[in-house]
Amino acid sequence: MNDQPALALATAVADHLAHPDTAPQTATADRNRQHLALGPTGIALLHIERAATGLGPWQRAHDWLTAAARRPFTSGPDSHPFYGAPALAHALACAAGHLPGSYRRSLGLLERQVACDARRRLDAAHRRIDAGLLPALSEFDAIRGLAGYGAYLLRRDPNGPFMRAVLDYCVRLTEPVAHHGETLPGWWAPTGPSGRPDDRFPGGHANHGMAHGIGAVLALLALSARLGSTVTGHHQAMRTILAWLDRWKTNTGRGPVWPYWITRGELRAGQLAPSVPRRPSWCYGTAGLARAQQLAALALGDAVLQAEAEIALLNALTDPSQLHVTTDTGLCHGVAGLAHIAARTAADATPATAAQLRATIPALLTVLLPPGSVPDEVATTLVDDETGVGLLDGAAGTALGLLTAHSAEPPRTAWDACLLIA
């Protein structure tokens with residue numbers, strides 16, 4: 001399949017979501033209003049990217065941002081990168097980058113709040129480390145934690161004091177922790193992956209995900225290093241995470257894969273428990289982790305690691321057993337996310353591997369657009385799906401992934417900075 005149907009589907013989704021007043025109620029429901037993943041700010045990103053590339057009007061983006069900001073946004077302890085003031089700041093910054101002078105006052109207010117929130121979180125995190133306690137996932141992850149704040153600060157002020165403070169924290173997070181007579185990695189969480197106590201995870205776990213685990217911290221350290229923003233211990237911190245991931249990777253016969261997490265029992269046994277194939281998604285799995293490791297390899301100048309990471313992604317995208325369990329369409333853990341990561345990784349890959357990665361995209365897109373399907377009919381199905389129309393699981397994110405897959409150029413805006421893959 002050529003890339004024109006992908007663009008046609010993305011356009012049809014955008015047309016279905018042209019204005020908040022005619023969109024599905026889930027898009028504008030008050031419970032979703034402040035969510036980057038579920039609500040108007042995530043949908044605004046689709047229209048911002050389309051407007052920046054000349055594919056749609058800026059008015060649509062403005063209408064969605066206006067719908068999001070009709071009432072005050074949450075800030076402080078109840079907000080995080082995907083909820084409240086930081087989420088709105090991300091969307092406004094994407095628009096402001098292509099509309100000089102627009103949203104300046106609002107963005108300035110939000111950015112001061114983001115910096116204040118980051119400082120408060122950093123102070124709490126250092127107190128926790130000083131006390132010898134284990135971290136909550138929400139302290140450091142991409143969705144709710146300091147890696148997510150770092151993703152925003154890196155784009156807006158890469159060498160500023162708050163960004164450097166986040167990087168100092170990330171370095172400190174990689175230092176081992178002595179806990180009840182055992183040595184654990186500094187990112188070991190005392191809970192299950194949900195962030196709550198879980199009988200299935202006695203003794204907690206080490207989370208590898210890009211959404212909720214150490215993968216996001218590795219990606220942030222790598223992205224900042226590539227921009228020349230580093231702190232003491234920066235490269236060693238990356239190598240510590242890379243060594244941990246190398247310790248726990250397994251080979252399926254189709255290349256390396258990484259488990260979503262390590263339990264206390266697996267740590268003590270020194271080996272993984274048997275498991276079934278898992279989807280190679282952005283949030284958890286080989287696709288997101290392969291991109292994070294490629295970024296780290298580029299930052300470290302490690303050609304061997306770069307090749308290994310790129311081949312790992314290529315194998316994941318061509319392994320029938322892994323693709324078979326990828327049943328969603330969205331960015332978070334669906335085929336649009338895989339296509340987006342393939343395109344982003346190919347842009348930095350060695351030429352031969354880049355061509356192979358791009359060659360996987362048409363097959364991925366046929367899951368969304370089978371031969372003979374009508375883009376507008378598929379868009380209607382996506383918009384009406386129970387997963388909603390938001391950024392991570394819904395139609396808006398799927399359309400954004402399709403725009404990347406369609407174009408030979410990277411996204412014009414930094415809409416995917418919140419995913420820490422670029």
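A disulfide is a pair of cysteine sulfur atoms within 2.5 Å. I start there, and I keep in mind that this is a predicted model.

**Entry 1: cysteines**

I searched the whole structure for disulfides and got zero. What keeps Cys-283 from bonding to Cys-332? I looked up the sulfur of Cys-283: its closest cysteine sulfur, in Cys-332, is 3.5 Å away, so the pair is too far for a bond. Cys-283 is buried, at 7% relative accessible area. I then went to Cys-418, which is in no disulfide either; its nearest cysteine sulfur belongs to Cys-94 and lies 7.7 Å away. Cys-418 has a relative accessibility of 9% and therefore counts as buried, since the cut-off is under 20%.

**Entry 2: α5 on α8**

Cys-94 took me to α5, where it is one of the residues that meet α8. I have α5 at residues 85-96 and α8 at residues 146-156, packed at about 30 degrees with the axes 11 Å apart. That angle makes α5 roughly parallel to α8, because angles under 35 degrees count that way. The pass of α5 over α8 is a left-handed crossing. On the α5 side I listed Pro-86, Ala-89, His-90, Ala-93 and Cys-94; on the α8 side they meet Tyr-149, Tyr-152, Arg-155 and Arg-156. I sorted the contact by class and found six nonpolar residues, one polar and two charged.

**Entry 3: α4 and its cover**

I stayed with α5 for a moment, as it also helps to cover the buried residues of α4. Helix α4 spans residues 58-68, and its buried residues are Arg-60, Ala-61, Asp-63, Trp-64, Leu-65, Ala-67 and Ala-68. I note that Arg-60 and Asp-63 are in that buried set. What else covers them? The cover includes α1 (4-16), α2 (25-28) and α3 (40-52).

**Entry 4: α10 on α11**

Next I pulled up α10 (residues 214-226) and α11 (residues 234-248). They pack at an angle of about 145 degrees, and their axes are 10 Å apart. I get a left-handed crossing for α10 and α11. From α10, the contact uses Ile-214, Val-217, Leu-218, Leu-221, Ala-222, Ser-224 and Ala-225. From α11, it uses His-234, His-235, Ala-237, Met-238, Ile-241, Leu-242 and Leu-245. How many of these residues are charged? None: the contact of α10 with α11 has 11 nonpolar and three polar residues, and no charged ones.

**Entry 5: α16, its partner and Ala-346**

I moved on to α16, which is residues 335-348. With α19 (residues 395-406) it packs at about 35 degrees, the axes being 8 Å apart. The crossing of α16 and α19 is left-handed. I wrote down Ala-336, Ala-339, His-340 and Ala-343 from α16, and Thr-398, Gly-401, Thr-404 and Ala-405 from α19, as the residues that meet. The class split for α16 with α19 is four nonpolar, four polar and no charged.

I also checked Ala-346, which is in α16. Is Ala-346 buried or exposed? Its relative accessible area is 2%, so I have Ala-346 down as buried. Leaving out residues up to four places away in sequence, Ala-346 touches Ala-354, Leu-357 and Arg-358. For Leu-357, 11 residues from Ala-346 in sequence, I get a C-alpha to C-alpha separation of 5.8 Å.

**Entry 6: positive phi**

I looked for residues other than glycine with a positive phi and noted Tyr-103, with phi near 60 degrees. Tyr-103 sits in the loop between α5 and α6 (104-130). At 21% relative accessibility, Tyr-103 counts as partly exposed. I also noted His-180, not a glycine either, with a positive phi of about 55 degrees. His-180 lies in the loop between β1 (177-179) and β2 (182-184). Its relative accessible area is 71%, so His-180 goes down as exposed.

**Entry 7: Glu-308**

Last lookup: Glu-308, which I found in helix α14 (residues 303-318). Glu-308 has a relative accessible area of 41%, so I list it as partly exposed. Pro-256 is 52 residues from Glu-308 along the chain, and their C-alpha atoms are separated by 8.7 Å.

Note on methods: Residues are numbered from 1 along each chain as its sequence is written. This is a predicted model: local features need pLDDT of at least 70, side-chain atom pairs count only at pLDDT 80 or more; totals for chains, interfaces and linings use all residues. Side-chain values use heavy atoms; hydrogens and water are left out. Axes are lines fitted to C-alpha atoms, for helices over the stretch in contact, and angles run from 0 to 180 degrees between N-to-C directions. Helices (H or I, at least four residues) and strands (E, at least two) are DSSP runs, numbered from the N terminus. Angles under 35 degrees count as roughly parallel, over 145 as roughly antiparallel, 65 to 115 as roughly perpendicular and the rest as oblique. A crossing is left-handed if the near helix is turned anticlockwise from the far one by less than a right angle, and right-handed if clockwise. Contact means heavy atoms within 4.5 Å. Ala, Val, Leu, Ile, Met, Phe, Trp, Tyr, Cys and Pro count as nonpolar, Asp, Glu, Lys and Arg as charged, and the others, Gly among them, as polar. Buried means under 20% relative accessible area, exposed over 50%, partly exposed in between (1.4 Å probe, protein chains only).
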